[in-house]
Amino acid sequence: MAYAGYGAAPGGMQQQQQQDPLYGYFAAVAGHDGQISADELQRCLTQSGISGNYQPFNIDTCRLMINMLDRDMSGTMGFNEFKDLWQALNAWKNIFMSFDRDRSGMVEGQEMQQAIKSLGYNLSPNGMNMIMKRYGINGRIPFDDFVSCCVRLRGLTDHFRRRDTSQNGSANFQYDDFIQVTMSM
């Protein structure tokens with residue numbers, strides 16, 4: 001990749017972005033500020049069809065997705081953050097589809113446990129019970145809530161790992177820090 005001042009043409013990065021196939025979905029809703037808010041993300045993802053035959057994403061899931069990747073803490077998402085989200089969404093969709101064996105648009109508790117494990121999370125039975133209580137509807141989890149759960153697991157795990165400096169599965173949190181982490185998820 002060429003950087004400005006090292007052989008890149010003026011506007012080279014913007015030109016690369018505009019040639020990216022995802023840029024059309026992004027630009028259609030981003031407006032002049034080049035950023036996507038939660039409601040714009042919801043509209044963009046619905047128009048893109050990434051949720052396939054599943055229900056479109058609700059606004060709370062869109063807020064969570066933005067918070068997960070909001071590096072500049074603007075409450076919005078730029079194109080590079082959008083690309084990262086798109087990649088994560090496709091991975092989560094593929095996992096969901098592989099465990100939604102009956103193609104009902106929902107995963108059962110056992111399927112959810114296998115899906116979570118395939119993502120690299122090793123949760124206790126109590127942890128899985130909490131997930132099922134939080135996201136389940138009659139013991140089943142729809143795609144939108146599956147994505148919401150994945151976003152929260154990823155975000156909370158990332159925050160935890162940053163504080164687990166000795167990498168022993170233990171971290172210390174100040175109360176205010178704990179509140180900030182959990183409220184951002």
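Let's start with the cysteines: the structure holds zero disulfides, a disulfide being a pair of cysteine sulfur atoms within 2.5 Å. Take C62, which is in no disulfide and has its nearest cysteine sulfur, that of C44, 9.5 Å away. C62 counts as buried, with a relative accessibility of 0%; buried here means under 20% relative accessible area, exposed means over 50%, and partly exposed is in between, using a 1.4 Å probe and protein chains only. C150 is buried too, at 1% relative accessibility. Why is C150 not bonded to C149? The C149 sulfur is the closest cysteine sulfur to that of C150, but at 5.7 Å it is too far for a bond.

A quick word on what you're looking at. This is a predicted model, in which local features need pLDDT of at least 70 and side-chain atom pairs count only at pLDDT 80 or more, while totals for chains, interfaces and linings use all residues. Residues are numbered from 1 along each chain as its sequence is written, and side-chain values use heavy atoms, with hydrogens and water left out.

Now step back to the whole chain. It has nine helices and two strands, and reading along the sequence gives α-α-α-α-α-β-α-α-β-α-α. Those elements are DSSP runs numbered from the N terminus, with helices being H or I of at least four residues and strands E of at least two. Of the 185 residues in the protein chain, 41% are buried. The chain's accessible surface is about 11100 Å², and carbon and sulfur atoms account for 49% of that; the areas come from the Shrake-Rupley method with a 1.4 Å probe, and for residues only the protein chains shown count as cover. If you look at contacts (heavy atoms within 4.5 Å) between residues at least 6 apart in sequence, 57% of them join residues at least 24 apart.

Helix α4 is a good place to zoom in. Spanning residues 59-69, α4 has T61, C62, L64, M65, I66, M68 and L69 buried. What covers these residues? The cover includes α3 (38-48), α5, α8 (143-163) and α9 (175-184). At the N-terminal end of α4, N58 acts as a cap, with a side-chain oxygen 2.9 Å from the backbone nitrogen of D60.

From α4 we can hop across to D144, which is found in helix α8. Beyond its neighbours within four places in sequence, D144 is in contact with P56, F57, N58 and T61. With T61 there is a side-chain to side-chain polar contact of 3.1 Å. A polar contact is a pair of N or O atoms within 3.5 Å; within protein, one must be able to donate a hydrogen and the other to accept it, and residues adjacent in sequence count only if both atoms are side-chain atoms. D144 is buried yet has no salt bridge, and R134, the nearest side chain of opposite charge, is 8.8 Å away. A salt bridge needs a side-chain nitrogen of Lys or Arg within 4 Å of a carboxyl oxygen of Asp or Glu; for charge, Lys and Arg count as positive and Asp and Glu as negative, with His and the chain ends not counted.

Finally, the loops. R103 lies between α5 (79-99) and β1 (106-108), and although not a glycine, R103 has a positive phi of about 55°. R103 is exposed, at 56% relative accessible area. N138, in the loop between α7 (125-135) and β2 (140-142), also has a positive phi of about 55° without being a glycine. N138 is exposed at 77% relative accessibility. G169 sits in the loop between α8 and α9 and is exposed at 55%. Leaving aside neighbours within four places in sequence, G169 is in contact with F160 and D164.
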